[in-house]
Amino acid sequence: MKKFKFQLETLLKVTQRKKDDAELKFAEVSRRLEQEHDKLQVLLKEMKQGQIEYAELTGEGKTVTIGVIMTYNGFFNWKRQQIEDQQKVILKTTQEKQQKLKKLMELMTYLKSIEQLKEKRLREYNEELLFEEQKMLDEIGLQLYVRGS
């Protein structure tokens with residue numbers, strides 16, 4: 001009897017490689033998203049620290065010059081813009097992560113269907129092999145019976 005050979009083995013291997021690549025890309029974008037969140041946290045801490053310093057400078061009974069107010073106003077506007085830009089980056093990266101996840105899920109589903117087909121073909125092959133073996137045993141038994149009588 002011939003050895004089992006799955007006709008779609010190459011497709012299975014290529015799909016497995018594509019799935020592995022998709023997993024790597026998903027992990028990469030996930031790591032990048034985490035880094036972007038960290039950057040946002042740093043910006044928010046800087047903004048909060050600036051607000052604390054400004055509150056200390058402008059506390060009750062303290063005189064503040066227009067220059068200081070203008071400097072802090074510029075700083076706060078700049079930080080707000082940085083925070084807003086970072087939030088946009090996070091949104092874009094989150095969308096990219098969702099796309100990578102969708103692609104990964106599609107490849108996993110496709111790979112699973114090919115693997116199930118391979119298992120089915122292997123079962124069919126084994127059943128055919130068992131049938132051939134049983135047929136051969138029946139013939140041997142019949143020959144032994146005919147020779148014995």
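# Working through a two-helix model

Lysine 13 is found in helix H1. Keep that residue in mind; we'll come back to it. The structure above is a predicted model, and the exercises below walk you through parts of it.

## Exercise 1: Two residues of helix H1

**Task.** Are lysine 13 and threonine 15 buried, partly exposed or exposed?

**Solution.**
- Step 1. Get the cut-offs straight: buried means under 20% relative accessible area, exposed means over 50%, and partly exposed is in between.
- Step 2. Lysine 13 has 47% relative accessibility, so it counts as partly exposed.
- Step 3. Threonine 15, which lies in helix H1, has just 3% relative accessibility and therefore counts as buried.
- Step 4. Now look at what sits around threonine 15. Leaving out residues up to four places away in sequence, threonine 15 touches Leu107, Tyr110, Leu111 and Ile114.
- Step 5. For lysine 13, try a distance instead: from C-alpha to C-alpha, lysine 13 and methionine 108 are 13 Å apart in space, with their places 95 residues apart in sequence.

## Exercise 2: Find the core

**Task.** Which residues make up the largest nonpolar core, and which elements give two or more residues to it?

**Solution.**
- Step 1. List the members. There are eight: Leu33, Leu40, Leu43, Met47, Tyr72, Phe76, Ile83 and Ile90.
- Step 2. Place them on the chain. Helix H1 (9-57) and helix H2 (66-148) are the elements that give two or more residues to this core.
- Step 3. Zoom in on one member. Not counting residues up to four places away in sequence, isoleucine 83 touches Leu40, Leu43, Leu44 and Met47.

## Exercise 3: Valine 29 and leucine 91

**Task.** Which places do valine 29 and leucine 91 have, and is each one buried or exposed?

**Solution.**
- Step 1. Valine 29 belongs to helix H1, and leucine 91 to helix H2.
- Step 2. Valine 29 has a relative accessible area of 1%, so it is buried.
- Step 3. Leucine 91 comes in at 52%, so it is exposed.
- Step 4. Check what valine 29 touches, again skipping residues up to four places away in sequence: Thr93, Glu96, Lys97 and Lys100.
- Step 5. Take one of those, lysine 100. Valine 29 and lysine 100 are 71 residues apart in sequence and 8.1 Å apart in space, C-alpha to C-alpha.
- Step 6. Do the same for leucine 91 and glutamine 7. These two are 84 residues apart in sequence and 44 Å apart in space, C-alpha to C-alpha.

## Exercise 4: Salt bridges

**Task.** How many salt bridges does the structure hold, and what does the pair of lysine 118 and glutamate 9 tie together?

**Solution.**
- Step 1. Start with the total: seven salt bridges.
- Step 2. In one of them, the side chains of lysine 118 and glutamate 9 meet, at 3.2 Å from N to O.
- Step 3. Lysine 118 lies in helix H2 and glutamate 9 in helix H1, so this pair ties together parts that are 109 residues apart in sequence.
- Step 4. How accessible are the partners? Lysine 118 is partly exposed at 26% relative accessibility, and glutamate 9 is partly exposed too, at 23%.
- Step 5. Now try a pair within one helix. Lysine 88 and glutamate 84 meet through their side chains in a salt bridge of 3.7 Å, N to O. They are four residues apart in helix H2, so about one helical turn separates them. Glutamate 84 is partly exposed, with 38% relative accessibility.

## Exercise 5: A charged residue inside

**Task.** Is glutamate 36 buried or exposed, and which residues is it in contact with?

**Solution.**
- Step 1. Find glutamate 36 in helix H1.
- Step 2. Its relative accessible area is 10%, so glutamate 36 is buried.
- Step 3. Leaving aside neighbours within four places in sequence, glutamate 36 is in contact with Gln86, Val89, Ile90 and Thr93.
- Step 4. Glutamate 36 also has a salt bridge with lysine 39 (3.8 Å, N to O). The two are three residues apart in helix H1, so they are separated by about one helical turn.
- Step 5. Compare the partner: lysine 39 is partly exposed, at 45% relative accessibility.

## Exercise 6: The largest pocket

**Task.** Which residues line the largest pocket, and how many of them are nonpolar, polar and charged?

**Solution.**
- Step 1. Note the space in the largest pocket: about 200 Å³.
- Step 2. Read off the lining: Lys2, Lys3, Phe4, Lys5, Phe6, Gln7, Arg121, Glu124, Tyr125 and Glu128.
- Step 3. Sort the lining by class: three residues are nonpolar, one is polar and six are charged.

Key: Residues are numbered from 1 along each chain as its sequence is written. This is a predicted model: local features need pLDDT of at least 70, side-chain atom pairs count only at pLDDT 80 or more; totals for chains, interfaces and linings use all residues. Side-chain values use heavy atoms; hydrogens and water are left out. A nonpolar core is a set of buried Ala, Val, Leu, Ile, Met, Phe, Trp, Tyr and Cys residues joined through side-chain atoms within 4.5 Å. Buried means under 20% relative accessible area, exposed over 50%, partly exposed in between (1.4 Å probe, protein chains only). Contact means heavy atoms within 4.5 Å. On a 1 Å grid over the protein atoms alone, a cavity is a set of points where a 1.4 Å probe fits but cannot get out, and a pocket is an open set with protein on both sides within 12 Å along at least five of seven lines; lining residues have an atom within 4 Å of a point. Grid points are joined across faces, edges and corners, and a volume is the space filled by probe spheres set on the points. Ala, Val, Leu, Ile, Met, Phe, Trp, Tyr, Cys and Pro count as nonpolar, Asp, Glu, Lys and Arg as charged, and the others, Gly among them, as polar. A salt bridge is a side-chain nitrogen of Lys or Arg within 4 Å of a carboxyl oxygen of Asp or Glu.
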